[in-house]
Each structure stands twice: as C-alpha cells, then as structure tokens.
Amino acid sequence: MFERDHDSETDGRRERIRFGLTVGVATILAGVVTALVLLLARANNDYDRSLGWQAQSLEVIAQTRSVDAALARAEAALGRFAVGLQKADGRIYEQQWGRARQYLAQLERNVRDNPAQSRLVAQLTREMDSRGAQLGDAALSANYNQTVAAISKYYAAGQGDGLAKIDKLLTQIITNERALLRERNRIAAADRASLDQAMLLFSLLGAAAAVLAIGATFSLIRVQGERRLARREQAAESERAMQLEAAVEARTAELEQANIALRSEMAEREAAEAQLRQAQKMEAVGQLTGGIAHDFNNMLAVVVGGLELAERWLPGEPEKAQRHLSNALDGANRAADLTRRLLAFARAEPARPEMTAIDESIGRFAPLIERTIGDRIALALDLDAATLACWIDRQQFENALLNLAVNARDAMNGHGSLTIRTRGTHKEGAQTLAVEVIDTGCGMTPDVLERVFDPFYTTKPAGQGTGLGMSQVFAFCRQSGGEVQIASTEGEGTTVAMLLPIASAVPGVADDEAPGEKEAEAIPADALTILVVEDDARVLAATVDAVRELGHRAVACDNPLEAEALVEARLNEGQAGFDLILTDVLMPELTGPELVARLKLRWPGLSVLFVTGYAGDASEVAAFGDHDVLRKPFTLSALDQAIRRCGEARSARQRLAS
C-alpha cells in the first residue's frame, strides 16, 4: 500500500514534472515562435519595401527614356514641318512635345524623394523650356510658310548646345537611377536572404515541435497547426514572389521595346540631319552658281553689245563677216540663256510669273530634255493646247518639267519612250491645262506612291538623288494655283499630270523676251541725257556706246560714290538735269538700290533703270521699288524699249505734276 502510494506519488511527481516540462517547452516554443514571426514579418516588410524601390527606379528609367523618345519624335516632326510645311507634321510636333512635358512632370513627382535626381530634373526642365522656345520659333516660321527662315532656325537650334545638354541630363538621370537600382537590388537580395533565413529557422522550429509533439497530443496538434500556418504563409509568399517576378519581367520587356523604339527614332533623326546637311550643301552650290553667273553675264554684256555695234559699223557688210558675226551673236545669246537656266536651277533668280504659252514653252525646251534623257529614250510631244496660256514662272515650269523627265529616265533605266502631252480640262467648273509626263518605266509601288512628295524621300542609291525633285514639282504647282496628280502601275509606267489654271491674256502686256529670241530692230527714241553708273570699265564702255548709238546723250560714271556729285555739278552749271539714271545693281562700295535711295532723298523726281546680271534672292526685289529692271546681257532693242518705258513714265509724271 505504501508502495502504491509511493508509486502514485512518484507518478504524480512525474506527471507534474512532465507537465512542467511541457509547459516550459511550450512557453519556450511560444516565445521562439513569436520571435520568429516578428522576424519573418520584418523581413517580409523589408523585402516588400525593396521591391517597391526597384519598381520606382525602373519607372524613373522608363519615364526618362519616354521623355527622350518624345523629344526625338518632336524634333524629327519639326524638321519635316520646316522643310515640307505640312500642318500634320506641325501637329505631330506639338503633340510629341506636350507628351514629353507630361513625362517630365511624372518624372519630377517620382524623384522628389531624391535631392540629387530632383536637381537634375529641375535643370532638365529649364533646358527643355529653352529648347522649346527655340523650336517654337522655327515652328512659328514654318506655320507662316517661311521655309528658309524655318529651316535656318531649325538648323540653328540643332547647332546649339541645348540638345546636347538635354541628352547629357537624361543620360545622367538614367545613370544615377541605374546606380541606385543596383544598390536597391543588393538590398533586396539581402532582404530576400534574411527572409529565407527566417523561413528556414521557422521550418526548423516546426521540425523540433513535431519531434516534441510525438509524446504529447496537445503539442502535436499545436505544432501541426503552426506548420500548417507556416505552409500557408510560405505558399502566399511564393505566389506573391512569382507575381512580382512576372511583373518585373513584363516591365523589363516594356523597357526593351522602348529602347528599340528609341534607337529607331535616333536613327531616323540622324538620317534627317544628314539629309538636311545635303540640302544645305545644295543651297551653297546654288549660291556659288549665282555668283559665277554674275561675272559671266557681265562678259556676255560686252560680247553682245560689241558684236551688235560691230555688225552695224562694218563697211559694206561682207557676207562672210556678217555670217560669223551672226553666229557669234547667236552663241552669246545661247550662253546667256544657259546662265538664266543656271540661275533658275540654283534658285538665285526671284520668281517671275508671266503669261506663258505652254505648248510653245515645251517646244522650245524639248531639245534640252532630249539631250538630258539620252538617245536611247524616244521623246514624243503630243501638244494640244496651242491656244491656251497660264500665268506662271516659265523658268520654274521648265525646271519642274526637267525634274519629271529625269525621274522618268531613271525609272526607264535609260531605255524606253517618254511622252509629254498637254490637254485642256474642266475640273469643278474651272478650266485647267493638264501637262502630262508619261513614261514606260518600272512604275511605283503603293508605298512609294504614298510618300513620293515627301521632301528628301528618294528610292535612288546614296549620292544619286536628293529627294527634292518631286517636292519641287509639288511646290511649283501649288504656288501656281494648281495641283499635281500621279498614276502609276508596277511594270507598266507612270503618268504625272501638272494641272495648271488657265489664264486669259492681259491686253497690252507682252512677255519678257529671253536671250536668243528674235528681236525687233531698235528704233531711236527722243534724245535723253542719261547718267550711266557701272563699276566694270568694259561693261561701262559698251553700255555708253549702246546708249549713244540709240541717239541719247550718255555720261559715264565708274564709281557710284561720285554719282551724286555729277548730278549736283550738272545742276550747278545751269544745265538740265539727267533724264535717266542707268545703274548697275551689284557694285563693291555702294549697290544700285543704295545709290538710288541716296539720290532720291535730294531729287525725288529722278527716273531710274536698274541693269543687272544677277538679281540675288527673291527677297531683294523690294529694293528695286517700282523701277524697271533690265537683265544682262541685253540687246540694243531691249535697251531701247527699257529707256522708252522709263521716258514715258517720266513724261506721265510731269503731265500729272503740271
């Protein structure tokens, strides 16, 4: 009995010890579990925060690239707008520039917690404001169809350091953010390692609890519950990690696509800049051609005037000498006609609309087209508009016709037939004259046909085409109040039709006579006293002789600075003043328009006749005012007609004054 009591007491003691141990172990396990749960929660929060930082850095990089891409698209659209003056390109420029500013605003919000990045974004904002003002000025010029001003301002903006500063700031922002991203990736990796360690410890605790729970159901249930909870948390964490990984992969793919698009935009911008440089080289060639033409025309003025005077003075007019003189005069006139064409192609001559008989102009220009396209291409003229005329610039029309002929020659690979056809048509109640250029070449694909009028677009190899021919044809038709249409079939050929408005002939107005055309015999006019101002001694001598040959009194002046003194001296001597001031335009010390402006301040009633071999840019036409302009080389007939016009205008002013 005492033994059972002792055993009972021993069992009770064991039970109490077991209970105490269970409670102690449970307490220890509960404390360890609580600590591990807190550790796990903290590691999880740190990992979540690291992932958030990573996402923020990726978003900053993406927004920075978006700003760069939008700027590249805006500048490319502005380049096209400045050259082609298409309003759609202008709207694209405004849209892309506004999008760049939106991306910049988002970027500013995302980096406000980073002082260094915030300062860079603030600098970028200032640079973009400055850049926007420059590009906006070019866009404004293009919006008012000021092509030269728009291209110049766009080119000037490209030469400035604003774009380089913007690129540098964008690169610096991306570089800083990448460095920050690397640091955040490192922190995220460390947080992930801490989370893994916490999960490992938690797993070890579960295993220990499972071993201890073998002897106690309560402990087993408790351990199993903790393990199930841990598994659920682990599964949720794994699913979350997978979702985050998928999100990172998707964002990485988006960044790769944005990078590809950005590289494509950069390539397009570089190509546009290269094409713009090519156009600028062409403009320089045109200016050089204009300068050469000036000196060439001065020499032609001496040749033509001297030959005509010699032809008049030859005693007996021997037949052989007469034939050689006529040939020399014809050659000089052809050289003058070549100079006018050089000026037209170089865009150095201002636009001069005139009443032009289209069929007659095409007939005169056909030999030059034949020599240009070569002997293997048959040129056929189907002209059915002999009674119709258009108010256009004849030189620009011939230039557009030659551009179409050259394109047709290249499309036929030097072999085929080219037809130029004219027809009178009716379109929307208005009469138009259709000038069609038809070839039997390779034709154009729909993609090429859609972009054929884009400036700088060409299908020819590099160095063989500028892409400006068809855009010049389009510009000529629009400036003339018409339009251009194209019909093309691959493998069959192309038809380009210039539709020009038909103009009624203006009574009493005759077309300017080009060098080489038949001239009326000079008829002496009423004798005038004419002051001839010319810096070239040979041209001065020839002009003075020509004026005297027409029966007028000529006073030579080889220095424009002395012209005012000559006029004043003649008046002081009691003689009648000069009836006409005949002056060259381009002189080294004082130009013709400047000389006339100075003389007009003292003698407003002076009559003026400008003589020039090179008129310069079209913007200089305003300097001539309402005075007549005679082009070098000129014939006696042309000089006589010009002097007569000036004399009649002077007489009309005197009658009005009296």
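## Strands β10 and β11

Strand β10, covering residues 580-584, runs alongside strand β11 in the parallel sense, and the two are paired over 4 bridges. One of the residues involved is aspartate 584, whose bridge partner in β11 is valine 611. As with everything described here, these details belong to a predicted model.

How many of the residues of strand β11 are buried? In this strand, made of residues 608-612, 5 of the 5 residues are buried, so β11 is largely enclosed by the rest of the structure. In a regular strand, side chains alternate between the two faces of the sheet. In β11 both faces are covered, since Val608, Phe610 and Thr612 are buried on one side, while Leu609 and Val611 are buried on the other.

## The hairpin of β6 and β7

Strand β6 (residues 483-489) pairs with strand β7 in the antiparallel sense, over 7 bridges. Within this pairing, alanine 487 has threonine 495 of β7 as its bridge partner. The hairpin formed by β6 and β7 has 3 residues between the strands, and in this hairpin glycine 491 takes a positive phi near 85°.

Strand β7, which spans residues 493-501, is mostly covered, with 7 of its 9 residues buried.

## Two nonpolar cores

The largest nonpolar core has 36 residues, and the members that touch the most others are Ile358, Ile369, Phe397, Leu401, Leu418 and Met498. Helix α9, running through residues 394-411, supplies the largest share of this core, with 7 residues.

Which residues does phenylalanine 397 contact, leaving aside its neighbours within four places in sequence? The contacts of phenylalanine 397 are Ile358, Ser361, Ile362, Ile392, Val435, Phe476, Met498 and Leu500. Two of these names, Ile358 and Met498, also appear among the core members that touch the most others. A second core, separate from this one, has 30 residues, including Val67, Ala74, Phe81 and Met128.

## A nonpolar patch on the surface

Nonpolar residues are also found on the surface, where Leu39, Leu200, Leu201 and Leu204 form a patch with about 370 Å² of accessible area together. The element that gives the most to this patch is helix α5 (residues 162-212), which contributes 3 residues.

Is leucine 201, a residue of helix α5, buried, exposed or partly exposed? Its relative accessible area is 41%, and because buried means under 20% and exposed means over 50%, leucine 201 counts as partly exposed.

Conventions. Residues numbered from 1 in each chain as written. Predicted model: local features only at pLDDT ≥ 70, side-chain atom pairs only at ≥ 80, totals over all residues. Heavy atoms only, no water. Patch = residues over 30% accessible without salt bridge, like charges linked within 9 Å, V, L, I, M, F, W, Y side chains within 5 Å. Areas by Shrake-Rupley, 256 points an atom, 1.4 Å probe, with all protein chains shown as cover. Salt bridge = Lys/Arg side-chain N within 4 Å of Asp/Glu carboxyl O. Buried < 20%, exposed > 50% of the residue type's maximum accessible area, 1.4 Å probe, protein only. Core = buried A, V, L, I, M, F, W, Y, C linked by side-chain atoms within 4.5 Å. Contact = heavy atoms within 4.5 Å. Pairing = 2+ DSSP bridges.
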